[in-house]
Amino acid sequence: ITFYILQMGLYLFNTNICQPLAFDYCAYWSAGKIINQNSFADIYNLDLLTQYQKDIYIQNNDSDSISFRPVEIPYLPIFVLPFKFLSMVGLSFSYVIWTLINFIGLICYLRYFTKKVSSHPLPIRLLLMILLSLPVFINFHEGQLNVWLCICAGEFLRAILTDKPYKAGAWLGGWLLKPQLLILIIPFLLIKRSMKVLSGFIIATVVTLTISFGLIKKAGFINLINILLKSAGGGVTSIPLAMMNWRMLGEHIASFSSPIIGWAIIIIGSVVTVTLSLTFFKKRILQNPTRYAIAILGIFAATGAVTWHAHLHMSMILIPPMVFLLLKNELNKKLFAVWIFMPSLMQIIGYTISAYIKIDNLPINISPILGFARGFTGFILNLFILGWAIVHYSRSNEGRPKGDNENLLTKPYLT
């Protein structure tokens, strides 16, 4: 708490909004402005984004320069719709409203999720620990959208465990906000032959894409695809060196060795991670909710390690399966505590090293230090959680008696 307060205080007293406080939110707010004054399709027009953002990203504002690079909007327009209304008020006040909506929404959802899967209230200590995790703090600090991804992950898991496959697939469609997260869960569902879940996902995808196409038409979609390709190639706002995946590790190693070595690490590491995940979690399980939740947690953690674009705040998708397993006394509490506190500790160490380097005036850019402290910690934790999930999933196959067709969350499996 002290670390977060000091960090926020530094930003509020020494910088303006958007640098770096609310960095992502400022882009969303500018997109809302464009929607209100132009059209949905124009939020993917980089020239128009530049025009709107040069007034709010003050640190880069130079009317005599053409070097300003806008923060792209890499999302389908249906997910940008809320900012059409949030941009009707001033930027700072709008950011406060957005933060409160997300903060209250996350708390309410976690209470709802807990009640539905355990019939018990959410422990205050557990809620506080989750709110203190660095992924959650970064989400609020940058004004990101990951509370929605967290809710979709929780409702997907809950629908699966209550034998509502079409509903589960529909909630998985919410991940089209950041479709790179689907890289492992879709193959996992195919291996499990969960065709009803996939059918629900396909229906949700068709509806989402149809509405989005209606909003931006062909030209807008072409611009959106170009933005996604640019981001995948290491665009200005993707920041690969701060990610929590094999791509991050490969980029860092390539920076002091060679691109060939970097690519070799990315490819080999990703292939091994995917192979281990799908090999172990494809094993047949009896209908035991805790073992299925362990598999989902492992798949989500592996996703963070292998998907091409994954920052630490996207780790919020791990929260629902971890909460479920904690309530069942199945998740290692030390592992959970490490997930909560280790990233913040490493961030403090990163700031300390940066301050030392700055004092000594060493000729080095300190940004990679902070990025590495955040990204590498998230990457290692993804691998630890995946390893834990594989080990525990492969243990005893105790489950329900054959012929019991009730959903997975009915008694006595909750007690």
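Helix 4, spanning 77-86, and helix 5, spanning 91-118, each contribute at least two residues to a nonpolar patch on the surface of this predicted model. The patch covers about 830 Å² and is built from Leu-81, Phe-85, Met-88, Val-89, Phe-93, Val-96, Leu-100, Phe-103 and Ile-104. Helix 5 is the main contributor, supplying five of the patch residues. Val-96, one of the residues of the patch, is located in helix 5. Its relative accessibility is 41%, so Val-96 is classed as partly exposed.

The cysteines offer a second theme. A disulfide covalently joins the sulfur atoms of two cysteines. The structure contains one such bond, formed by Cys-18 and Cys-26, whose sulfur atoms lie 1.9 Å apart. The torsion about the S-S bond of Cys-18 and Cys-26 is about -85 degrees, and the disulfide is therefore left-handed. Both partners are shielded: Cys-18 has a relative accessibility of 0% and so counts as buried, and Cys-26 likewise counts as buried because its relative accessibility is 0%.

Further cysteines can be considered alongside this pair. Cys-150 is buried, with a relative accessible area of 0%. The cysteine sulfur closest to that of Cys-150 belongs to Cys-152, at 9.3 Å, which is too far for a bond; the cut-off for a disulfide is a sulfur pair within 2.5 Å. Cys-108, by contrast, is partly exposed, with a relative accessible area of 45%, a value that falls between the limits of under 20% for buried and over 50% for exposed.

Note on methods: Residues numbered from 1 in each chain as written. Predicted model: local features only at pLDDT ≥ 70, side-chain atom pairs only at ≥ 80, totals over all residues. Heavy atoms only, no water. Patch = residues over 30% accessible without salt bridge, like charges linked within 9 Å, V, L, I, M, F, W, Y side chains within 5 Å. Areas by Shrake-Rupley, 256 points an atom, 1.4 Å probe, with all protein chains shown as cover. Salt bridge = Lys/Arg side-chain N within 4 Å of Asp/Glu carboxyl O. Helix = DSSP H or I, 4+ residues; strand = E, 2+ residues; numbered from the N terminus. Buried < 20%, exposed > 50% of the residue type's maximum accessible area, 1.4 Å probe, protein only.
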